[in-house]
Amino acid sequence: MNPSPPPPRDPDLLEEALGLGRGGSPPWRLAFVEDCVETSGAFVLHNFLKRTLSTEGDGTVVFLGLAQPFSHYDRVLRKMGCNLSVQRNKNKLHFIDLLNLEFLGERRLSNEKGENDIEIGFMDLYNRILRSIEAIRSKDYNGGWTTIIIDDLSHLEIAAHGSVKHVLDFLQYCRSLTSEMDCSLVILNHEDIHSSDEALQMLSHLDYISDILIKAETLSTGIAADVHGQMTVIIKDAPGGLIKKLHSFQFKVKENGVEFFYPGSRF
């Protein structure tokens, strides 16, 4: 008897929902990722990193690391089969380490004109992103897609000393790069840590201007051993437009990646 063929590989439901083909550019500009304290959405950023930097594609990444040091992402991605140190040496990854929020500078923080200095700090950060994209495209550039990833929004608010206006202005500048430099922007935000009306209005605005909204949430039935949470992907027909498609599935975070599946398909 001939051996049975191997079972078909389960599709990557998140990749399918986002319309990501192998090696191609994403059909959107701004993806807004929201999670909660109980269910982290960091794995979504890890997936973007791995896919964009994979050997099958020619994508590049500018990563703003505010939540973790480079060593953390490198360790996680190595388990997923992607060596970030190698990718950085190849000029495919530019990691901007902002864990200590040093881009504002101690001198500026002690200056009496704190608000103006915060604005200057964000403009400096924007220019660093722009220089990173230019550096990526200055040597052996093959026309691949560049993704700007921000991890995460709450730390930008800390850098701005709670000034939502400065954060939103900075994000608008970053969004302008998606058309000026032909790239995409991915922002992670912790939805349930914001309390002020001003911050909630900013989140509503980001929801409005995004092309895709990705939500990582806890299960409505509570904690389960084999299911870590539920994911909802909302695709709009245009920023601020109507919902074009809505995908909903569950996920389980593993050491070397994430498994996505429809409710009731795992026993």
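**Notebook: the open sheet and its surroundings**

I began with strand 2 (residues 60–65), which pairs with strand 3 in the parallel sense over five bridges. Looking for a residue pair across these two strands, I found L64 standing opposite I96 in strand 3. I note here that the model is a predicted one.

I then looked up what packs on this part of the sheet. Helix 3 (residues 70–79) touches strand 2, strand 3 and strand 4 (146–151), and the direction of helix 3 makes about 140° with that of strand 3. Helix 8 (residues 164–180) also packs on the sheet, where it touches strand 1 (30–35), strand 2, strand 4 and strand 5, and its direction makes about 150° with that of strand 5.

**The sheet as a whole**

I traced the strand order next and read it as 3-2-4-5-1-6-7-8-9, that is, nine strands in an open sheet with mixed pairing. Strand 3 (93–97) and strand 9 (257–261) are the edge strands, each of them pairing on one side only. From one strand to the next I noted a twist that averages 20°.

**Strand 4**

Strand 4 runs parallel to strand 2, to which six bridges join it, and I found G65 opposite D151 in this pairing. With strand 5, strand 4 pairs in the parallel sense over five bridges, and there the bridge partner of I150 is I187.

Is strand 4 enclosed by the rest of the structure or exposed? I recorded six of its six residues as buried, so strand 4 is largely enclosed by the rest of the structure. The side chains divide between two directions, with T146, I148 and I150 pointing one way and T147, I149 and D151 the other, and all of these are buried.

**S184 in strand 5**

I turned to S184, which lies in strand 5 (residues 183–190). Because its relative accessibility is 0%, S184 counts as buried. Which side chains make polar contacts with the side chain of S184? I found one polar contact with the side chain of W145, at 3.0 Å, and another with the side chain of T147, at 3.2 Å. Leaving aside neighbours within four places in sequence, I listed the contacts of S184 as P26, W28, R29, W145, T146, T147, I148 and T178.

**Strands 6, 7 and 8**

On the antiparallel pairings, I noted that six bridges join strand 6 (residues 212–217) to strand 7, with I212 opposite I235 in strand 7. Strand 7 also pairs in the antiparallel sense with strand 8 (residues 243–254), over eight bridges, and F251 in strand 8 is the bridge partner of G229. The hairpin of strand 7 and strand 8 has six residues between the strands, and within this hairpin G240 takes a positive phi near 80°. Seven of the eight residues of strand 7 (residues 229–236) are buried, so I entered strand 7 as largely enclosed by the rest of the structure.

**Aromatic rings**

I counted 10 aromatic pairs and wrote down two of them in detail. W28 and F48 form an edge-to-face pair, 5.9 Å centre to centre with 80° between the planes. This pair links distant parts of the chain, since W28 is in the loop between helix 1 (13–17) and strand 1, whereas F48 is in helix 2 (residues 42–53), 20 residues apart. I checked burial for both rings and found W28 buried, and F48 as well.

F249 and F260 form the other pair I entered, again edge-to-face, at 5.6 Å centre to centre and with 80° between the planes. F249 lies in strand 8 and F260 in strand 9, so this pair ties together parts that are 11 residues apart in sequence. F249 is buried, with a relative accessible area of 2%, and F260, at 5% relative accessibility, counts as buried too. I also found F43, F249, F251 and F260 in one aromatic cluster.

**Helix 4 and a charge over a ring**

My last entries concern Q87 and R88. Q87 has its place in helix 4 (residues 84–89) and is buried, with a relative accessible area of 7%. Not counting residues up to four places away in sequence, Q87 touches L53, C82, K92 and L93. R88 lies over the face of F70, at 3.8 Å from the ring centre.

Definitions and conventions. Residues numbered from 1 in each chain as written. Predicted model: local features only at pLDDT ≥ 70, side-chain atom pairs only at ≥ 80, totals over all residues. Heavy atoms only, no water. Helix = DSSP H or I, 4+ residues; strand = E, 2+ residues; numbered from the N terminus. Buried < 20%, exposed > 50% of the residue type's maximum accessible area, 1.4 Å probe, protein only. Polar contact = N/O pair within 3.5 Å; in protein donor to acceptor, adjacent residues only side chain to side chain. Contact = heavy atoms within 4.5 Å. Pairing = 2+ DSSP bridges. Axes fitted to C-alpha atoms, helices over the stretch in contact; angles between N-to-C directions. Phe/Tyr/Trp six-rings, centres within 6.5 Å; stacked < 30°, edge-to-face > 60°. Lys NZ or Arg CZ within 6 Å of the ring centre and 35° of its normal.
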